[in-house]
Amino acid sequence: MTALDALSRDEIAARLAAPPAERAAFLCEAAEAGHAEAQAVYAQMLLDGVGVAADPRAALDWFVKAAAQHHLMALNMVGRCYDLGWGTGIDKARAAACYRVAASRGLVEAMYNYATLLTLGQGVAEDKAAALALYREAADRGYAKAINHVGSFAEDGWACARDLALAARCYAQAAEGGDFRGAFNHGRMLAADGRIEDAVLWIRRAAERGTPAFAAKLAGWLAVQQHASLRALAAPLSEHAAC
């Protein structure tokens, strides 16, 4: 029995609600005691540099330890590390293997990540039909990012019949679910329908939620739009992407 095991739920909750540095110290102690959830959460704090100096290599080590205890999100994050080169060299095949196992055990984030590699043919043979099946399964469980990709497949006619009405419904649902790419796609289709005021609303939300890299791409798209209300959104996005 460790010191952590002696704490009540309220005491644990209080420690987890502490300032980041104190929370990181508590989770480090629990991780070293062998608690898988603590290992996974502490690894994420190391990856993000929250409450502790960022250390992607140490983060990967803790994700691996948690994954060895069958922590599915940790296994997914091991995949992310190999997928994106966080704390290690990029190894798409190894990333795909991690995603595949976690996806087979029902983790929607892993379904999405594995489907993305299947779509691109990275680390695994390209298989858009299998990717769509995984996106649909994750979408059925409410995962907004996957819902957006089901829409993209329907819009482009990948591994399915082209269906713009389905694409529009998926984009709207993904946008409402908080996915910034879904918000952009929803706004894009609204703009194509001439609903500029609604389009501006959703594209602004996409910009607020998206990454700097996404903001840069969005600024380029906006800059060539015909409607002045859309072009006006480009300048502040360009400034944001440059920061």
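Partly exposed here means a relative accessible area between the buried cut-off of under 20% and the exposed cut-off of over 50%. Keep that in mind as we walk through this structure, which is a predicted model.

Let's start with Asp61, which at a relative accessible area of 35% counts as partly exposed. Its salt-bridge partner is Arg57, with the closest N and O atoms 2.9 Å apart. Arg57 is partly exposed too, at 40%. Both residues sit in helix α4 (residues 56-67), four residues apart, or about one turn of the helix. Why does that spacing suit a pair? An α-helix has 3.6 residues a turn, so residues three or four places apart point the same way.

That pair is one part of a set of six salt bridges in the structure. Another joins Arg188 to Glu155, at 2.9 Å from N to O. Here Arg188 belongs to helix α11 and Glu155 to helix α9, so the pair ties together parts that are 33 residues apart in sequence. Glu155 is buried, with a relative accessible area of just 14%.

Now for α11 itself. Its 13 residues, 180-192, should span 18 Å at 1.5 Å a residue, and the end C-alpha atoms are indeed 18 Å apart. Of those 13 residues, 10 are buried, so the helix is largely enclosed by the rest of the structure. Among the buried ones are Phe180, Phe184, Met189 and Leu190. The cover over them includes α9, α10, α12, α13 and α14.

After α11 comes Gly194, with a positive phi near 85°. Arg195 makes a salt bridge with Asp198, at 3.1 Å from N to O. Arg195 is partly exposed at 45%, and Asp198 is partly exposed at 30%.

Technical notes. Residues numbered from 1 in each chain as written. Predicted model: local features only at pLDDT ≥ 70, side-chain atom pairs only at ≥ 80, totals over all residues. Heavy atoms only, no water. Helix = DSSP H or I, 4+ residues; strand = E, 2+ residues; numbered from the N terminus. Expected span 1.5 Å × (residues − 1). Buried < 20%, exposed > 50% of the residue type's maximum accessible area, 1.4 Å probe, protein only. Contact = heavy atoms within 4.5 Å. Salt bridge = Lys/Arg side-chain N within 4 Å of Asp/Glu carboxyl O.
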